[in-house]
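Trainee: Could we go through this model together, starting with its empty spaces and then moving on to some single residues and a helix?

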Amino acid sequence: MEISPLQAARKAYSPKLPAALRNGASVNVIKGNPLPAFADTEKIAALFPTTSNMPDLTFAAGNGEKLANPINVGVILSGGQAPGGHNVIAGIYDGIKSLNPASKLYGFKGGPSGLVDNEYVEITDDFMDAYRNTGGFDMIGSGRTKLELPEQFDKGAINAQALGISAIVIIGGDDSNTNACLLAEYYKAKNVPIQVVGCPKTIDGDLKNSFIETSFGFDTASKVYSEVIGNIARDANSAKKYWHFIKLMGRSASHITLECVLKTHVNLALISEEVEAKKQTLSEIVDNIAKMVAARSANGENFGVLLIPEGLIEFIPEMKILIAELNDALAKNAEEFAKIVDNADKLAFVTGLLSPASAAVFSSLPDVMRLQLSMDRDPHGNVQVSQIETEKLLAELVKKRLAEMKKAGEFKGKFSALTHFFGYEGRCSAPSNFDADYCYALGYNAAAIIGSGATAYMSYVSGLTKPAADWKAGAVPLTAMMNVERRHGADKPVIRKALVELDGKPFKAYAAVREEWAVKTSFVYPGPIQYFGPAEVCDITTETLRIEHE
């Protein structure tokens, strides 16, 4: 297969490892104190009796001693793509080979369903080498099947044991690693000799805590988005006639949006968590943007850039209530709604199903948005929030508000908006040097966890603002990151999502300068990811991590 010159050069890159893993995955293990669940400790302990309250593990370099017997390991990519996934697999591969050269790695194809359906491929030297330092998950594919039922666990055990697999590594986000915890508990409780280890993946950056400083892929994805945002900002500053409304990935948390504004210094970044905390209405958000546009126009600058997190719409209180009412009303009246042909009649029918407050909000929206909210449903009948074009909604409402301000003599400038959504563009980029190193270390560290005999742990590498040689390696119990949440009418144990903390250093750093950036053109142009050159250019991590560790 033909490859690009950059692909060829990246194949030659050798990821850096923490000192604890320099002599191979046979490490000295230092046990910490038992760690209870993040919250709801008694409920989690009852749900996970054999894997709760385990100690955290810290690794120190071993003497390179080999295991007497080879180990066979299965690996699963779960959920959406994130740059660096292939390097996690490479780290696992090299790590288990360091324990015993005869060890084997099997990749279950298409995500967790591959384990249940027995779809797999043995990963060999040549096969692995073709994917080192590459983006995407195309090596074995991914999927969103949930591993949560006993029959799935049993089928997985039969399939794994037929291959001699004694350990499974699940590479995924909070939901995927919640399922890894369920799987580990089931196997340990039933004395099934299969270890389960997790690795933290998600470009959204919402899998983080005191052990997991960042999930892999966040560094690369935010740099890819920031490059394009910087390009657009440069264009806006050149043409001086457009306002760019840019929606970014991040349904549950606004980490990407916050990171990108810290990198690019564009005029405004809406942070969903702040909108919810302040109970800001859609009208208030639109008014604030319109006032910013008017203030810049008064300075002769009829252009600008603002960032919008993908999940913003669900954090606006009245929109959250509206969406909940729509989900309920349309589920109960699906057959009657489906019979209506005319769009105007559809909208009238839906409006009649809503409470007076939600009907007023619904009626204030453009017809296109109202139809989207009414008709685009997922298989469960819920609004597909990720497909709501919030950037277009805000641009349209700001245009309408500015027209009102112009009539009142409060705005004398010009307003022309362009909208963008940056999503999949950032998920499969060739990983940055940071993510190439971090992912390889996470995978190699997972092999060390397997070699130690531990199960129900997540691989972690910390101290990430330091050179890779100074990173710390270890393992945190999966149950230590869990709490109980109400989902679909039932209590569910889940790994807690980490939202943007409004009292955290990164948000405070932005809050301190955003009034200036809103009015003054202060754009920074990050440019593309640099793979070759001095460490201060190529190995830098995110602004979020830098500020958190200052």
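Mentor: What follows takes up the cavity, a pocket, a helix and two residues in turn. This is a predicted model, in which local features need pLDDT of at least 70 and side-chain atom pairs count only at pLDDT 80 or more, while totals for chains, interfaces and linings use all residues. Residues are numbered from 1 along each chain as its sequence is written, and side-chain values use heavy atoms, with hydrogens and water left out.

Trainee: How many cavities of 30 Å³ or more are there?

Mentor: There is 1 cavity of 30 Å³ or more, a cavity being a set of points on a 1 Å grid over the protein atoms alone where a 1.4 Å probe fits but cannot get out. The volume of the largest cavity, taken as the space filled by probe spheres set on the points, is about 60 Å³.

Trainee: Which residues line the largest cavity?

Mentor: Its lining, meaning residues with an atom within 4 Å of a point, consists of G205, K208, E213, T214, F218, H255, T542, T544 and L545.

Trainee: And what about the second largest pocket, how much space lies there?

Mentor: The second largest pocket, where a pocket is an open set with protein on both sides within 12 Å along at least five of seven lines, holds about 550 Å³. It is lined by 26 residues, of which K208, N209, S210, A498 and E501 are the closest to its centre.

Trainee: Switching to helix α18, what do its end C-alpha atoms say about its span?

Mentor: Helix α18 (residues 390-407) has 18 residues, which at 1.5 Å a residue (times one less than the number of residues) should span 26 Å, and its end C-alpha atoms are 26 Å apart, which agrees. Helices here are DSSP runs of H or I with at least four residues, and strands are runs of E with at least two.

Trainee: What covers its buried residues?

Mentor: The cover includes β8 (243-248), α11 (282-298) and β10 (304-309), and among the buried residues of α18 are L394, L397 and V398, buried meaning under 20% relative accessible area with a 1.4 Å probe and protein chains only.

Trainee: Is N445 buried or exposed?

Mentor: N445, in helix α19 (residues 433-452), counts as buried because its relative accessibility is 0%. Not counting residues up to four places away in sequence, N445 touches L21, F59, S459, Y460, A473 and G474, contact meaning heavy atoms within 4.5 Å.

Trainee: Where is T134?

Mentor: T134 sits in the loop between α5 (125-129) and α6 (150-162), and its side chain reaches the backbone oxygen of Y131 at 2.6 Å.

Definitions and conventions. Buried means under 20% relative accessible area, exposed over 50%, partly exposed in between (1.4 Å probe, protein chains only). A polar contact is a pair of N or O atoms within 3.5 Å; within protein, one must be able to donate a hydrogen and the other to accept it, and residues adjacent in sequence count only if both atoms are side-chain atoms.
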